[in-house]
Structures are given as structure tokens and as C-alpha cells.
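Me: Please take a close look at one part of this model, a spot where the backbone does something odd. Then carry on from there to whatever else is worth pointing out.

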Amino acid sequence: MEYWKIQENKRKTVWEGPFDGHTDYLEMSGLGSSFIVTYGTDADGNLLLQRRVIFPQLRTRPNNTHASFSSTIREEAMPRLTVSGCSEEKAVRFELDGDLRVVSALGGAEVEREFFPSTDKRACIERICVRNTAKEPLCITLTNAGTTRNEALRGCAGVLVSYVLAPEINVTLAPGESYTFGITYAGEMLPTVPTPCDADAELAARRERIAQLLDPLRLDTGDDVLDTMFEFSKIRAGESIFRTRSGLIHCPGGDSYYAAVWCNDQAEYSGPWFAFTGDKILLEAAETAYRWYIPFMDETYEAIPSSVIAEGLDYWNGAGDRGDAAMYLYGASSFCLTRGDREQAKALWDSIKWCAEYCKRKVNENGVIASDSDELETRFPAGDANLCTSSLCCMGLRAAACIAEEFGETELAADYRARAEELAKAIDNFFGWTVSGYETYRYYEGNDVLRSWICMPLCADIFTRAKGTVDALTGPELFTDDGLLSQEGSSTVWDRSTLYGLRGIFRAGYTERAFEFLRYYCRTRLLGERVPYAIEAFPEGNKRHLSAESALFAQIVVFGLLGITPKGFRRFTIAPTLPAELDHLTLENVHAFGKVFDIHVTRDGWEVKYDGQTLRGSGSGEISL
């Protein structure tokens, strides 16, 4: 069912009913906090709200992956708003535009609540505006005001406390008048006690940050649903950056994953996307993620950890070698090439070469890359060598070869390219298989059911089994109303493989099938029952909006529809594919390969504009900026 409609130049979605007992939840993040608000109504349209705050800098014990101080705001700690003695609110409208705005009716007044995190403080804000829409004066009161302790527990360095800070209000509003105030949900360690935030100033800062995230990579296809989903993805992917004692870092979120890095979420998913944005905060966070792994890369060539946790001060290795070096090799190489910053690439070059050497040492007798598991961490079997790890390694070697050329290491570049092509052949020879009647890939030796990660060779431009693989991905064994099943016969959906699948189907040239799938996906995620971002997994995780999935969605446009492949610090190839339902695709203000440029695609070909110049072509072509 679709609840939401698009408004305001593809920057907002609105739900104005029916109000029949539906609820959802939204995560919003700033440098010091994350705010998860559950919203909706009961069957009678009465407003339902629940607030949860997370403070990644406040560490609980044991200081592990999930040790960020989090707290649900208790009803007893919440201030109570009444209008002329009435406190039961009826829903009128819900709005999403990076923040959550809730409009309700209360005792002859209209109440507008806006929920958002502070951009830089350990605080979340609920800004409330009460408007008298009646014909007589209304008395507005807020009880349980002041500074209220919500929850306290002993953390790593002291007692951590979440607070509710609200002003005392007892005012009378004449017809047409309004009154605005803010409630602050803050976290601190004793003896520090927070002070209330200026709700108007914090809202202005939040809106400015969202505008900064939306300004690069402005997409126009004429398809409002696709364009809006892309805009929203930029917000979710970019907002989830947190300040830690070891630097700014991107984190997946989801009330679980903060102040830590993984080679898939940050190195492979978000880093290559951030390289296109030119945003200083996102670029710093990406570099921090790559840097946190470097101390674990030594001459013993032991696998790098599954995750670096606790603000970069510890690690978790419960999943063993997930193919992390292949993830890092691809992600860091793609990031460096796209960013086009030679000095930054030099700082990461040794770690990229280390990962390439590690992967070389993991080549097995079948010519593919061995690993203990994959990014699903044994949730599903992956054998001793899986298709995803080998495909990522192939992609990473090709990108690393381009960096080697930039640094004049021609022999190393040739070696990386030769290894990539040998691996591509081995992928076909070893993983190529007939599974469930499709000429596609088995995910590991002994695998006899379809897996959604069979899309990865397509993303690596290995197209020898493209038809069978696309047929399998879009067939009834894997394709569901909620995305691709992780494994044929299961009930588990992960958007990660769904989004990689869409990217791969576009790259393989099956444009119409990919676009039909993409539009359906966008309508479901943007306008349906669980909105407005890409999800992580279901039933695990209850469809959390982990932020790196939104980065993967955005990559469908640059790597899928536009077919961009980085080739150097100032060079890339482009192979745009325009579905029949679109007559153009424009992506403006792209910050990549050392330049800022626009791309415009029509039926007649493509244009790349930068520095007053226009490069034109049709089909695939190479661009040097």
C-alpha cells in the first residue's frame, strides 16, 4: 500500500491519510547523536509517537560494537502538552524531508512538531509550534517542564545520563496566534548537565546541512519517484557521520552500529559514493574509515579484522576473514581514483597494495579467492571461496592498476591487470554453473540453489553468463515484492544484493528490465509502508535504514545508468543507458576526478560540461578532464 505522495520539487513526501493504525519509524543523525522517532496512528487516528536517542561518544560497558549509549524517552519523563485541558491529539499530516514533521489537531489548535538531531551536539530536538485555529482564546500549558533525568547507567568512564529539557509554558493564545518552543533530548556524563538547545538555531543548522548534502549530484530524469528517491538517499547516506575520539566516521546506524567501521559498509559501499560529492565532512569520514584499518596491515599478512570498533580503539573479528581485503581493495581504489586527489591516494596506496598482495596469497587451486565467510557473516553458507569476494577482488585489481599507472608503476599496473583477467576467467570457470535451470553462477562449491549475490560478476563487467544471471535475478525464485531473496527458498531480503543487482543488470545492458525493477523498488521504499530509504534486512533488523544502503542506491545512477568506471585521477569511461520511459538524464554538480562537471544524456548521445568546455559522444566513451 502507498501512503505517501511527493511534494515540493521532489524534496518532500507527505502522508495525509488514511490514518488506520499504521506506524513507521525514522532515523536522523548528526555528529553527536542519532534520533529514532516512531510515528503514526492507532485505528482511530490518534497520534502515536515514541522517541529514542543514541549518543555514540558516550560508551557503555563492555565497550563493544553496540556500546553506544541509547535511551528510549519514557512517558513519565515527557512533558505533557495540553490545550484548554485537552491532551489527545488527532493526526492531520506527516512530512518527510530529511527531518520528520508531524501535524495534529489538539483542542481547537493545530500542533506542528518537527523532529531532528543537532548538527554537532549530543542532543536531539523536538520543535513545537501551537497555532490557535479556533474562534476563541486557548490556554496552552506544558507540564513536567524543566530538566528531567530520563535514564542513567554506568559507562566506561562514568555515569551516563539522558535528559529531557523543556520550558515551563502557560500562555493564552488569541485566535490566529501561535507559540513556538523546543524540547531537548540530550546525553551527558556526570557531572556535566546539559543546557536546552535553541530550537530555531538548531533547525536552521540542520536545514543548512541537508541543503549541503543535496547540492552535489542533482539528478533530473523526469521520473519524480526515481529523482526523489535519489535525493533522499543522499540525505541518509550523508547524514550518518559521527564525531569520535579518532576522527569523523561514517556509521551504518540502525540503533546498533556506531563509532565503528566495516570493510563492506564504509570501505566498499559509502566511500566510493562519497568520492563523488566533494563534501568535506563526507570525504574526511571516508578517509578515516580507510585509515583505521592500516595499523592491522603488516608483513605477516594476517586477515584484517571484521570490524574496527569503539571509536577506533579496538576490533571485533567474530566473522573471521569475510573477504575484507577484497572489499578494501575495491573500495579504497575506487575512492582514490574518483576523488582525484594525488596526495590522498599516496596516503592510502600502501594499504591498497597490501590488500592486493593479501588477495594474491588467498588464491586457491581453482584460481579464485578463498575466505572464511562473506559480508553476511555465516547467516547463509559461503563455502571456502565465494563469488562475491572474487568479483570484488577483480574489480579492485582493475582499479588499483589505474592508480599504479598514475604513480608510474607500470610493471605493477600490468601485473594487476593480468591478475584481474585471470581471476575473471577463473570466476567463469569455477563458479559458472547451471542453478535451478539458469545458466548463471553457483555462489560457492556445492551450492545448488540461487543466491542474489550472483549479480556480482555483472558489476565486475563479466558478462559471459549475463542473460542467465539476469533471468535468475528477475525470476520467481529470487524476485519478490520486497526485493531479492538472499537465497532461493528463504524469506530473507537484504537490500545490499538487491541494489548491487540493479546496478549489475544496468551494466549488462538489460536496461528495460532493470528500469522496471528500479521504478517498482523506488515506489515501494519511498512511498509504501516502510519509508523513505533503502533498508538493510528483513526479517533480521526489521528493515532498518542503515545508511550505507542509501549510498548503494545512489551508485545505481553513477555506476549503473551512467555506466561510469574510474580510469585515472582525471579520467573515466562512461556508457550511459537510457530506458525507453526516459527521454533524458541529467546529473549536475558532480565533484569527481579533480573537477566539477555536469552530465546530460539524451537519445542523441551524451554531454559532459566542465570549466566552460563541452565534451560530446554517443555510446561508450572515455573522458579526460
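Reply: Start at Ser 84, which sits in the loop between strand E7 (80-83) and strand E8 (90-96). The labels come from DSSP runs, numbered from the N terminus: H or I for helices of at least four residues, E for strands of at least two. Keep in mind that this is a predicted model, where local features need pLDDT of at least 70, side-chain atom pairs count only at pLDDT 80 or more, and totals for chains, interfaces and linings use all residues. Residues are numbered from 1 along each chain as its sequence is written, and side-chain values use heavy atoms, with hydrogens and water left out.

The odd thing about Ser 84 is its phi: positive, about 50°, although this residue is not a glycine. Ser 84 counts as partly exposed because its relative accessible area is 45%; the cut-offs are under 20% for buried, over 50% for exposed and partly exposed in between, with a 1.4 Å probe and protein chains only.

Thr 378 does a similar trick, with a positive phi of about 70° and no glycine in sight. You'll find Thr 378 in the loop between helix H6 (342-361) and helix H7 (387-406). With 62% relative accessible area, Thr 378 is exposed.

While we're on backbone quirks, check two prolines. The bond from Arg 61 to Pro 62 is a cis peptide, omega near -10°, and Pro 62 lies in the loop between strand E5 (47-59) and strand E6 (68-72). Leu 190 and Pro 191 are joined by a cis peptide bond too, with omega about 15°; here Pro 191 is in the loop between strand E16 (178-189) and helix H1 (199-214).

Now for a sheet. Five strands make an open, antiparallel sheet in the order E17-E31-E32-E33-E34, where pairing takes at least two DSSP bridges between two strands. Strand E17 (218-220) and strand E34 (613-617) are the edges, each pairing on one side only. From one strand to the next, the twist averages 15°; axes are lines fitted to C-alpha atoms (for helices, over the stretch in contact), and angles run from 0 to 180 degrees between N-to-C directions. E33 (605-610) pairs antiparallel with E34 over five bridges, and Trp 606 faces Gly 617 in E34. Helix H2 packs on this sheet, touching E17 and strand E31 (584-592), and its direction makes about 165° with that of E17.

H2 (224-239) is home to Arg 236, which counts as buried because its relative accessibility is 0%. The Arg 236 side chain makes a polar contact with the side chain of Ser 29 at 3.5 Å. That term means an N or O pair within 3.5 Å; within protein, one atom must be able to donate a hydrogen and the other to accept it, and residues adjacent in sequence count only if both atoms are side-chain atoms. Beyond four places in sequence, Arg 236 has contacts including Glu 27, Pro 252, Tyr 533 and His 545, contact being heavy atoms within 4.5 Å.

Compare Arg 571, in strand E30 (571-574). Arg 571 is partly exposed, since its relative accessible area is 25%. Its side chain makes a polar contact with that of Glu 622 at 2.7 Å. Among the residues Arg 571 touches beyond four places in sequence are Glu 405, Phe 593 and Ser 624.
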